[in-house]
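Biologist: I should like a close look at one part of this model, namely the protein surface beside one of the DNA strands. Please treat it in one connected account.

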There are 4 protein chains.
Amino acid sequence: MEFKDNEPIYVQIAALVCEKIIIGQWPTGQRIPSVRDLGVELEVNPNTVMRAYDFLQTLEVLYNKRGVGLFVADDAVEKVKAHRKQEFVAQYIPEFFKQLFLLDIPMEEIARQYEAFKKEQESTKIKT
Amino acid sequence: MEFKDNEPIYVQIAALVCEKIIIGQWPTGQRIPSVRDLGVELEVNPNTVMRAYDFLQTLEVLYNKRGVGLFVADDAVEKVKAHRKQEFVAQYIPEFFKQLFLLDIPMEEIARQYEAFKKEQESTKIKT
Amino acid sequence: MEFKDNEPIYVQIAALVCEKIIIGQWPTGQRIPSVRDLGVELEVNPNTVMRAYDFLQTLEVLYNKRGVGLFVADDAVEKVKAHRKQEFVAQYIPEFFKQLFLLDIPMEEIARQYEAFKKEQESTKIKT
Amino acid sequence: MEFKDNEPIYVQIAALVCEKIIIGQWPTGQRIPSVRDLGVELEVNPNTVMRAYDFLQTLEVLYNKRGVGLFVADDAVEKVKAHRKQEFVAQYIPEFFKQLFLLDIPMEEIARQYEAFKKEQESTKIKT
DNA sequence: GTGGTCTAGACCACC
DNA sequence: GTGGTCTAGACCACA
C-alpha cells in the first residue's frame, strides 16, 4: 500500500483501521490482524503497525487479550465516530469555511460536487 | 501569535501573508515588513519568517529589490487565489467529502453553519 | 472473572489461590480443583492455571500426589503469609511511602479510610 | 542509572521526570534535557527517552516548541499530582488495604514506619 | 502464536 | 541543534 508522505504512516494506518471499523469490515468484538500480518500486508515494519494499534488502544477503540491478540472494543464504532467528528468540527470546518470565504467559492458549488461524490461512492460500494 | 502545531510555522506564516494580500491589507507593489520586524511581531525566529518569504518568492507572489526589501507582486492577488484554490480543490475537498460521508453529516447542516460563519465574518470586518 | 492487565494473569490467579487458603476456604490437606475446572470457572486457558499452580508448588504451598491431584500443604497458611508479608514489606511499603510523601497525603487520612474498609469487609464476610 | 526490570524503562523514566517536576528540580516553563542528552545520562537509547517524553506530552505535562525542545507545562505540577493521586487511590490503596487486612498488620505499625521514613527523607533532603 | 520493549542507526523537517 | 518517524532485528513474557 502507498501512503501520503505529509502525514506519518502510523497515523494513516490508524485512520485506515478506524474506517474498517466504521464500515463494519472489522466487526465489534472480533480479533484484528496481528502487527506482523498487517505489517506484511501494508509493507511496513511491524513496529509501525504497533504504533497505530497503540494509539487506538489509548483511545479504547481496541483492547488487548494478552497472548491472544487485539480486539475491537464493543463501543468502538461510536468512539471512533465521536473522535473523528470532534476533530472534524474543531479543525476541518473552521479552515474549510475560511478558505471558502477568502476564495469566494459559493456553497452551492460544493453541494453540487458532494452529490456527485456520494453517487460515485455508492456505485463503487455495490461493486465491492 | 500562537500557531497550530500540526503544520509548520513557516507555512502558517506564508498563509497569513497570503491572507493579508487577498484582503488588501498589504497592497500590490508595496513593501512588506522585514523578516526581523515580522519575527518580533509574531514572536518567532527571523529565519522562520525568512522561510515563509522565500516560499512566496518561489511562487512569485513576492519579489525582491536588492538592498531595498521585499514587495508584493502586481498580480499577487490572482496568483495567491489561484494557488490556494488549486490546493483546496485537489487536497482539501476530497478529504472533506470523505469525512462527511463516513460520519453521515448532512450537507445542509454544513451550509447552515456557513451562513452563520459568513455573517460573523462580515460583522467583525466592520469593526476592523 | 476479570483480571487487571498490569499484572500477569497467572500471578493474579496465584494470589487468588493464596487468599482462598488464608481465609480457610481451601483448608490445608485438601485437594484443590483441577486446572481444567478452575480454568473453566475463571474463563482462562488451563495452561495459565497450571502456571499459577506450578508457581505455588515451587513455594511449597501446594504439593502434588501423582495421579491424584494437587493438595494444600500442611503449613500452607504460614508459608503464604510469610511470603506475602516479605513481599509487602520489601516492595510495596517503600513505594507506598514515597507516593504518600510526594503527594502530601496525611497518614491520618489513610488510617481513617482503612477503618471504613475494615468495617465493610466484615459486613460482607457475614453475608458470605 | 539502574532500572527495575518488572516495569518498562520508559515508564520509570516518565515517573522520574514527574518527580523532578513535583520537587521543582525542573521548574515550570523551563526546557528539559534533550532526548539525546538524557539518553546518555541514563544510559538508554534516545528512543526510549522519547517514549517517556511522548507519554508526558499526551498528558499535557510537557509541550513541544518545535525545533527548540520540550518544556514543562505551566500547570504541570498540578496535572502530575492529580494524575498520580488518581492512580494511587484507584490502584494502590485498595491493594494496600487488602494486604493489610489479610496479613493482620496493624495500622499503627505502618504509621510508625512512615514517621521514620519521613525523617529519613528530610535528612537526606538537607544533604542535597 | 501474540503484543510489547529496547536498541542501533538512519533520515527528516523544523528552528 | 531539536523532536519525530521508520526500519531491522533482537529479546521477552504471556497464553
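How many nonpolar, polar and charged residues does the surface near DNA strand E have?

Modeller: The model is a predicted one. By class, the surface near DNA strand E consists of 11 nonpolar, 11 polar and 5 charged residues. In total, 27 residues surround DNA strand E, and the closest of them are P8(B), I9(D), T48(D), R51(D) and R66(D). Of the atoms of this strand that come within 4 Å of the protein, 65% belong to sugar and phosphate.

Several secondary-structure elements build this surface. At least two residues each are supplied by helix 2, helix 3 and strand 2 of chain A, by helix 1 (9-22) and helix 3 (46-58) of chain B, and by helix 1 (9-22) and helix 3 of chain D. Specific polar contacts with the backbone of the strand can also be named. In chain A, a polar side-chain atom of S34(A) is 3.3 Å from a phosphate oxygen of DNA strand E, and an N or O atom in the side chain of Q57(A) lies 3.2 Å from a phosphate oxygen of that strand. From chain B, the side chain of R51(B) places an N or O atom 3.3 Å from a phosphate oxygen of DNA strand E.

DNA strand F can be described in the same terms. The residues that surround DNA strand F number 27, with I9(A), T48(A), R51(A), R66(A) and P8(C) the closest. Here sugar and phosphate make up 66% of the strand atoms that come within 4 Å of the protein. The surface near DNA strand F has 11 nonpolar, 11 polar and 5 charged residues. Its contributors of at least two residues each are helix 1 and helix 3 of chain A, helix 1 (9-22) and helix 3 (46-58) of chain C, and helix 2 (35-42), helix 3 (46-58) and strand 2 (69-72) of chain D. A polar side-chain atom of T48(A) is 2.4 Å from a phosphate oxygen of DNA strand F, while for an N or O atom in the side chain of R51(A) the distance to a phosphate oxygen of this strand is 2.5 Å. Chain D takes part through Q57(D), which has a polar side-chain atom 3.2 Å from a phosphate oxygen of DNA strand F.

Behind the DNA-facing residues, the interior of the protein deserves mention. The largest nonpolar core has 26 residues, among which I13(A), I21(A), W26(A), Y53(A) and L62(A) touch the most other members. Two or more residues of this core come from each of helix 1 (9-22), helix 2 (35-42), helix 3 (46-58), strand 2 (69-72) and helix 4 (76-103) of chain A. Helix 1 of chain A gives the largest share, 7 residues. Leaving aside residues up to four places away in sequence, L62(A) touches I21(A), I32(A), Y53(A), L56(A), Q57(A), F71(A), V72(A) and A73(A). Q57(A) is thus a contact of L62(A) as well as a residue with a side-chain atom 3.2 Å from a phosphate oxygen of DNA strand E. A second, separate core of 25 residues includes F3(B), Y53(B), V72(B) and A73(B).

Finally, chains A and B may be compared. Chain B superposes on chain A with an RMSD of 0.5 Å after a rotation of 178° and a shift of 0.4 Å along the axis. The two copies are therefore related as by a two-fold rotation axis. Of the interface residues of chain B, 97% are also interface residues in chain A, so the copies meet through the same surface.

Methods:
Residues are numbered from 1 along each chain as its sequence is written. Chains are lettered from A and ligands numbered from 1 in the order in which they are written. This is a predicted model: local features need pLDDT of at least 70, side-chain atom pairs count only at pLDDT 80 or more; totals for chains, interfaces and linings use all residues. Side-chain values use heavy atoms; hydrogens and water are left out. A nonpolar core is a set of buried Ala, Val, Leu, Ile, Met, Phe, Trp, Tyr and Cys residues joined through side-chain atoms within 4.5 Å. Buried means under 20% relative accessible area, exposed over 50%, partly exposed in between (1.4 Å probe, protein chains only). Helices (H or I, at least four residues) and strands (E, at least two) are DSSP runs, numbered from the N terminus. Contact means heavy atoms within 4.5 Å. A residue is near a molecule or strand if one of its heavy atoms lies within 4 Å of it. A polar contact is a pair of N or O atoms within 3.5 Å; within protein, one must be able to donate a hydrogen and the other to accept it, and residues adjacent in sequence count only if both atoms are side-chain atoms. Ala, Val, Leu, Ile, Met, Phe, Trp, Tyr, Cys and Pro count as nonpolar, Asp, Glu, Lys and Arg as charged, and the others, Gly among them, as polar. Copies are superposed by least squares on the C-alpha atoms of residues with pLDDT of at least 70 in both.
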